Amino acid sequence: MIQLLFCILLYRIFIQVVKQEAQNNPITVSVSTELGKVSRNCTEFGWSEPFPHYIDACLYEEGNSSHPDMYYVSVKALYTVGYSTSLVSLTTAMVILCRFRKLHCTRNFIHMNLFVSFILRAISVFIKDGVLYAKEDSEHCFIHTLECRAVMIFFHYCVLSNYFWLFIEGLYLFTLLVETFFPEKRYFYWYIIIGWGTPTVCVTIWAVLRLHFDDIGCWDMNDNAAIWWVIKGPVLASIMINFVLFIGIIIILVQKLQSPDIGGNESSIYLRLARSTLLLIPLFGIHYTVFAFSPENVSKRERLVFELGLGSFQGFVVAVLYCFLNGEVQSEIKRKWRSWTVNRYFAVDLKHRHPSLASSGVNGGTQLSILSKSSSQIRMSSLQAETPAT
């Protein structure tokens with residue numbers, strides 16, 4: 001009997017020791033990726049909640065404010081407004097440039113391709129936000145669907161194409177100032193190949209490398225620096241070359257404005273130079289050089305505001321400066337407006353003068369053609385009458 005009580009006592013002591021050990025040293029199950037580490041503990045009350053939070057695992061910086069998400073919500077709202085404004089203005093500019101035949105030239109064709117690249121960039125941003133951030137609490141860094149990866153490939157292609165067409169705009173303007181005669185149409189085909197073909201090659205190489213060597217999540221995080229340079233390298237190269245072209249164009253403008261043929265005092269020369277420089281900045285994308293060569297983890301919040309917030313309005317500024325405020329475009333719109341007003345006036349006037357013709361189903365254009373033909377016949381008959389017989 002004493003031995004049985006002793007065994008029961010030892011068993012209960014053993015159970016208490018096991019429970020105490022489980023509480024002090026819980027079993028941990030971890031999910032480890034290159035993005036971070038998510039863990040769950042097995043306790044006497046069951047599995048604990050995953051920790052750290054997926055936001056921390058995705059390497060987000062939330063800050064110390066009482067509302068940490070409001071900063072990113074504000075940035076998202078800012079660039080959504082910016083890209084929406086750019087999308088509407090660029091679409092309107094494309095319609096104007098496509099509508100009027102007199103505006104069809106190599107310079108405007110390059111502008112139109114640049115507008116298309118801005119439009120695609122805005123659309124890709126909206127699609128990416130819709131897929132990755134459809135739900136505020138979605139664990140987007142663990143999404144690895146084919147749809148999500150296809151969206152990221154399309155997004156990088158649109159961004160890269162936009163940078164390359166900015167580079168082509170700078171290259172074309174620099175060539176116009178440097179060379180007196182050059183075949184624009186032959187160069188235009190090369191511009192098409194560079195603007196749309198080079199991003200296709202770069203994005204294809206990047207997608208193949210991600211699939212074989214860094215196939216993690218939705219491909220929206222770029223922790224593998226070697227693979228990310230396939231996209232980042234061409235972007236930095238286009239920004240750097242555009243900056244050099246920008247400096248070269250400013251030097252050429254200074255020389256041209258200071259020539260005696262231009263005339264004007266010193267203040268007007270500098271005013272025209274400043275105006276030309278401000279017009280060239282959005283076309284060349286020079287503002288991207290502010291954070292272009294700094295590490296991505298440095299001034300991350302400022303970079304988001306500058307590149308996403310302010311950069312989203314770049315398409316709107318380009319459309320306003322190079323379409324809506326373009327003198328050639330404005331004169332063509334005024335000419336079409338005057339032509340439409342005159343035709344409408346004559347149509348209304350003829351309808352009042354000849355109600356029988358208007359009621360017979362003959363439109364204003366037909367009436368104008370009939371009147372012009374009859375007047376020309378009268379004029380020819382009068383000329384024949386005045387001409388002496390030989």
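Student: Is Arg335 buried, partly exposed or exposed in this predicted model?
Tutor: Happy to start there. Buried would need under 20% relative accessible area and exposed over 50%. Arg335 has a relative accessible area of 31%, so the class for Arg335 is partly exposed.

Student: And which residue does the side chain of Arg335 meet in a salt bridge?
Tutor: The N to O distance of the pair is 2.7 Å, and the cut-off is 4 Å. The two residues are 3 apart in helix α11 (residues 327-353), so about one helical turn separates them. The partner is buried, with a relative accessible area of 7%. That partner is Glu332.

Student: How many residues apart are Arg149 and Asp215, which form a salt bridge?
Tutor: Good one to look at in the viewer. The closest N and O atoms of Arg149 and Asp215 are 2.8 Å apart. This pair links distant parts of the chain, with Arg149 in helix α5 (residues 146-178) and Asp215 in the loop between α6 and α7. Along the chain, the separation is 66 residues.

Student: Which of those two, Arg149 or Asp215, counts as buried?
Tutor: The limit for buried is under 20% relative accessible area. Asp215 has 36% relative accessibility, so Asp215 counts as partly exposed. With 14% relative accessibility, the buried one is Arg149.

Student: What is the distance between the closest N and O atoms of Asp129 and Lys128?
Tutor: Asp129 and Lys128 form a salt bridge, for which the limit is 4 Å. Asp129 is buried at 7% relative accessible area, and Lys128 counts as buried too, at 13%. Their closest N and O atoms are separated by 3.7 Å.

Student: Where does Trp219 lie, and what is its phi?
Tutor: Trp219 sits in the loop between α6 (184-213) and α7 (225-257). Trp219 is buried, with a relative accessible area of 4%. Its phi is positive although the residue is not glycine, with a value near 65°.

Student: Are α4 and α10 roughly parallel or roughly antiparallel?
Tutor: The axes of α4 and α10 (residues 314-324) come within 10 Å, and the crossing angle is roughly 160°. The crossing is left-handed. Since angles over 145 degrees count as roughly antiparallel, the two helices are therefore roughly antiparallel.

Student: What accessible area do Ile123, Ile127 and Phe154 have together?
Tutor: These three residues form a nonpolar patch on the surface. Ile127 belongs to helix α4 (residues 106-132), and Ile127 is partly exposed at 35% relative accessible area. Together, the patch has about 210 Å².

Notes
Residues numbered from 1 in each chain as written. Predicted model: local features only at pLDDT ≥ 70, side-chain atom pairs only at ≥ 80, totals over all residues. Heavy atoms only, no water. Patch = residues over 30% accessible without salt bridge, like charges linked within 9 Å, V, L, I, M, F, W, Y side chains within 5 Å. Areas by Shrake-Rupley, 256 points an atom, 1.4 Å probe, with all protein chains shown as cover. Helix = DSSP H or I, 4+ residues; strand = E, 2+ residues; numbered from the N terminus. Buried < 20%, exposed > 50% of the residue type's maximum accessible area, 1.4 Å probe, protein only. Axes fitted to C-alpha atoms, helices over the stretch in contact; angles between N-to-C directions. Parallel < 35°, antiparallel > 145°, perpendicular 65-115°, else oblique. Left-handed = near helix turned anticlockwise from the far one by under 90°.
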